[in-house]
Amino acid sequence: MPDFQLSSAFKPQGDQAQAIAKLVKSIRAGNAHQTLLGVTGSGKTFTMANVIAELGRPALVMSHNKTLAAQLYSEFKNFFPHNAVEYFVSYFDYYQPEAYIPRTDTYIEKDSQINEEIERLRLSTMSSLLTRNDVLVVASVSCIYGLGSPEDFQGMMVSVARGDAVDRDIFVRGLVDILYERNDIGFTRGKFRVRGDVVEVHPAVLEDEAVRVEFFGDEIDRISLFDPLTGRATEEVDRYTFWPAKQFVTAKEKMARAIREIRGELTEVIERFEKSGKYLEAQRIKMRTEYDIEMMQEMGFCQGIENYSRHLTARPPGSKPYTLLDFFPENSLLIADESHATMPQIGGMYEGDFSRKTTLVEHGFRLPSAMDNRPLRFQEFMDGTSCRLYVSATPAGFEIENSRVGVTSYIPPRKKRLGEEETSPARLPRISGSAQPVEAFDVTTSGRDLIVEQIIRPTGLLDPTIELRPLKTQIDDTIEFCRQRVAKKERVLITTLTKRTAEDLTDYLRDTGLAVRYLHSEIDAIQRVEILRALRAAEFDILVGINLLREGLDLPEVSLVCILDADKEGYLRSETSLIQTAGRAARHVNGHVVLFADRVTGSMQRLMDVSAYRRTKQIEYNEEHGITPTSVVRSAQASLQVNPGQKSIDRSMVQESGGDVDVLQVLKELEEEMQEAAAALEFERAALLRDQIADLRKRNGIEPGQGISAPQKTGLARKKVKY
């Protein structure tokens, strides 16, 4: 019986069942590469969940950005409530890497702000992988960056059981060795406190539960879980295992050996600098490294300890670092979601890191061993995974070629030559032309296509229809199309090639009486969320954008996509971009795409071929099963500024205060709500709360640093706000 228990009220529909069966068969046959070509809105996540449940293997689901990773994490948590679904992304809210610019003699010190909740989730991921088989990890590309050794992490755990003969002081020293800190007042995650024969520990992997270990002499008398806020015990347990409080943890004997090796390397580097007459660099590396060594000796940790990871884990020079992949067993499954974007991102991490650290090493800011604290090279990543499932509506040439070559063969990615067109779904099934449909469904162990199509949507929706229009009248035609859709209370997306064009077109459309806004990279993340929410809530009808209207946007109300200058071949008008952009209209029953062009490029033709092929299949399926297409219906995220409940609260506060409200108290409550939303990974709600907080501060002249306790700190009178 599989370890994973899929919990869902839905059953596979459309062609989900055949996709699940063929992918499971392919993976069990030992194939290293397979691709799920799933159109927008076909339920690819549900298919992935079924594949994982059928196989019963630990799985790593990778996404190319944190937002999509959070969305996947939430969905998989609902699918597998009884299993260990973990979230592993970069734990920095803000990160400025260490760097040096020789031309201007500018040193940029590493600066970062760690999100403690995400750090807890990362530690939880590592401990789950070492103790359970039913683990599903949703991760960003941060999983290819260095971590501590899994052997060290597992070997440093402190396990206690009721009845064990353990001295209390030895237990406390064990906690200190795995980087827990004693704090009898601020009892937070990663801390412990001692009260007589009772030691209370807040494990690094738990959010709202702590562990109380009670001693009777030199014997553990009782172990219980309790609420750290109230101190009330919730459950007694027979044994408990405490995992390290940090990701980089090393045993004392290994730390001592590592420090000897670091000193030896330091001596060699200083001699080399002095022989070359680089006395400044020699003094610089000596001071920095000796300070780090002193911190490691006294605290067991130092700022930037990851730069010494090669010595701490006793790896030879040039060897690959330990990463999250090393915590997975050999039979685990890798799923690359939106693989056309995720796989290139994995391949692009190493070179940038290498260039930055080379400069630091050459100028005495880091030892040469710091070069081995790096992300994996692409080949190392592929070697660290044995079974891969690529998921995308537009798989690129890498996925297509490797999914067609057999069991273990691997074709590395290659750079596109000048003038060469993009290689991707150009070789996928077409209705017209000489290409024949791929044999994607007869899965064997070698030499056949392992590309499984999923093009039937459970809602019966068809791919949007596509229309060609000349460039000469593209603005006038766009206005007319927009008015027709607005009259039907439907939304429109318009894509342009430049930010200036997007802004100018927005102004022009607004002058014609249309409700329109624009979206591009200069708009911050909070505003983007609010703009998309407002579009869905019909606060305006038309959104003009550039490249932000592609994968990852779920806008069921959009029925029309207008692509201006569609024949300007390039990144923004490549085959992948056109198919992904057209997919934004695939969640509406009246989905339609207009391509404005004076000629049909290769990318445009392939978009039309793929769309025609899919529509034919979808229409045949709907007619055979008597399905009537229906638009996707999904509630829009309500803005706090128009939330009726919030308005009623505001009104009651006004009545009680005679029209004046303590704005600092309101800000405190909003900030608490924002923190709670962020902790629950409700990023969209947290962003809206932060936006409201900023607006409230601006309207009342309150500086960002001024909070609920500001009047006591500054002696100023409490501000009042008029509602």
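What is the accessible surface of the protein chain, and what percentage of it belongs to carbon and sulfur atoms? The accessible surface comes to about 33400 Å², of which 49% belongs to carbon and sulfur atoms; such areas are obtained by the Shrake-Rupley method with a 1.4 Å probe, and for residues only the protein chains shown count as cover.

This is a predicted model, in which local features need pLDDT of at least 70 and side-chain atom pairs count only at pLDDT 80 or more, while totals for chains, interfaces and linings use all residues. Residues are numbered from 1 along each chain as its sequence is written, and side-chain values use heavy atoms, with hydrogens and water left out.

**Overall architecture**

The protein chain has 22 helices and 27 strands, taken as DSSP runs numbered from the N terminus (helices H or I, at least four residues; strands E, at least two). Of its 723 residues, 52% count as buried, that is, under 20% relative accessible area, with exposed meaning over 50% and partly exposed in between (1.4 Å probe, protein chains only). Among contacts (heavy atoms within 4.5 Å) between residues at least 6 apart in sequence, 74% join residues at least 24 apart.

**Helix packing**

Helix α7 (residues 252-275) packs on helix α8 (residues 279-299) at an angle of about 170°, the axes being 9 Å apart. The two helices are therefore roughly antiparallel, a term for angles over 145 degrees. Axes are lines fitted to C-alpha atoms over the stretch in contact, and angles run from 0 to 180 degrees between N-to-C directions. Residues making the contact include Ile259, Ile262 and Leu266 of α7 and Ile285, Thr289 and Ile293 of α8.

**Aromatic pairs**

The structure holds 15 aromatic pairs, defined by ring centres of Phe, Tyr or Trp (its six-membered ring) within 6.5 Å; planes under 30 degrees apart count as stacked, over 60 as edge-to-face and the rest as tilted. One of them, Tyr100 with Phe365, is tilted, at 4.8 Å centre to centre and 40° between the planes. Tyr100 lies in strand β5 (residues 99-101) and Phe365 in the loop between α11 (349-362) and α12 (378-383), so the pair ties together parts that are 265 residues apart in sequence. Both Tyr100 and Phe365 are buried. Ring pairs also link Phe171, Phe215, Tyr240 and Phe242 into a cluster.

**Positive phi angles**

Two non-glycine residues with positive phi are tabulated below.

| Residue | Phi | Loop | Relative accessibility |
|---|---|---|---|
| Leu179 | about 70° | between α6 (168-177) and β10 (181-182) | 13%, buried |
| Ala538 | about 65° | between α16 (525-536) and β23 (542-545) | 41%, partly exposed |

Notes
Angles under 35 degrees count as roughly parallel, over 145 as roughly antiparallel, 65 to 115 as roughly perpendicular and the rest as oblique.
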